[in-house]
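Subject: Structure for your review

Dear colleague,

Please find below the structure I am handing over to you, followed by a summary of what was found in it.

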Amino acid sequence: MKPKSSDGLGRIYTAIVTKVKDDRILFDIKQLRFNADSQEEVTKKAVFFIRQKHFNPFIFVKKEDIVDVKVVNLHNPDKNIYHMEYEVVPCTLPADEYIKTHPIGTMVQGTIEAITGSAMLVCLAPNVYALTKRTKHARTGQIVDCKIDRFHNQKISLRVF
């Protein structure tokens, strides 16, 4: 049975964390299914894949936490080992919380975590990182002054001074 886009793509659900791993967080989404004369509770499985190497899911959530998630992809549960129906993204990540207290245009300080070619990774707070253009005299571990330029799709853009 192939999933349809009407089955929840883009919808927001309340989910329960069932397992936390280094590279993914597994969720259960409980839904009510209405039949002609009754209703039943159906549990659907969902997963959030962690693609950022520097994101620690164990700080962010714990087993049995209740989290609002948005469906970003549909899967056929018969064709994957975890029987996942949804790929989801939490509605609130640590970067979202950071932006609430440090809005766009704010001057902040960060620590350079890694330098790769012409880019550098700046740590602003635990589990909050921004990838930005490398500065001329940048060194790993250096504290730098930054200005938050943009925030889009849970990613922070910085200008380093």
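The fold contains a closed barrel of five strands in the order β1-β2-β3-β5-β4, with mixed pairing. Neighbouring strands of this sheet are turned by 55° against each other on average, direction ignored. Please note that this is a predicted model.

Within the barrel, β3 and β5 run parallel and are joined by two bridges. Ala46 stands opposite Tyr86 in β5.

Pocket

The largest pocket has a volume of about 800 Å³. Its lining comprises 26 residues, of which Gln52, Tyr129, Asn153, Gln154 and Lys155 are the closest to the centre. Two or more lining residues come from each of β3 (39-49), β5 (86-90), α2 (94-101), β8 (128-133) and β10 (155-160). The element that gives the most is β8, with four residues. By residue class, the lining of the largest pocket divides into 16 nonpolar, six polar and four charged residues.

Salt bridges

Side chains of opposite charge can pair when their charged atoms come close. The structure holds six salt bridges, and three of them are described here, each with the accessibility of both partners.

- Asp23 and Arg24 form a salt bridge in which the closest N and O atoms are 3.0 Å apart. Arg24 has a relative accessible area of 15% and is therefore buried, the cut-off being under 20%. Asp23, at 37%, is partly exposed.

- Asp28 pairs with Lys45, the closest N and O atoms being 3.3 Å apart. This salt bridge links distant parts of the chain, since Asp28 lies in strand β2 (residues 24-34) and Lys45 in strand β3, 17 residues apart. Asp28 is buried, with a relative accessible area of 15%, whereas Lys45 is partly exposed at 34%.

- Asp149 and Arg159 meet through their side chains in a salt bridge with an N to O distance of 3.0 Å. Here too the pair links distant parts of the chain: Asp149 belongs to strand β9 (residues 143-152) and Arg159 to strand β10, ten residues apart. Asp149 counts as partly exposed because its relative accessibility is 27%, and Arg159 is partly exposed as well, with a relative accessible area of 42%.

In short, the points to look at are the closed barrel of five strands, the largest pocket at about 800 Å³ and the six salt bridges.

With kind regards

Conventions
Residues numbered from 1 in each chain as written. Predicted model: local features only at pLDDT ≥ 70, side-chain atom pairs only at ≥ 80, totals over all residues. Heavy atoms only, no water. 1 Å grid on protein atoms, 1.4 Å probe; cavity = no way out; pocket = protein on both sides within 12 Å on 5 of 7 lines; lining within 4 Å. Points joined across faces, edges and corners; volume = space filled by probe spheres on them. Nonpolar A, V, L, I, M, F, W, Y, C, P; charged D, E, K, R; others polar. Pairing = 2+ DSSP bridges. Axes fitted to C-alpha atoms, helices over the stretch in contact; angles between N-to-C directions. Salt bridge = Lys/Arg side-chain N within 4 Å of Asp/Glu carboxyl O. Buried < 20%, exposed > 50% of the residue type's maximum accessible area, 1.4 Å probe, protein only.
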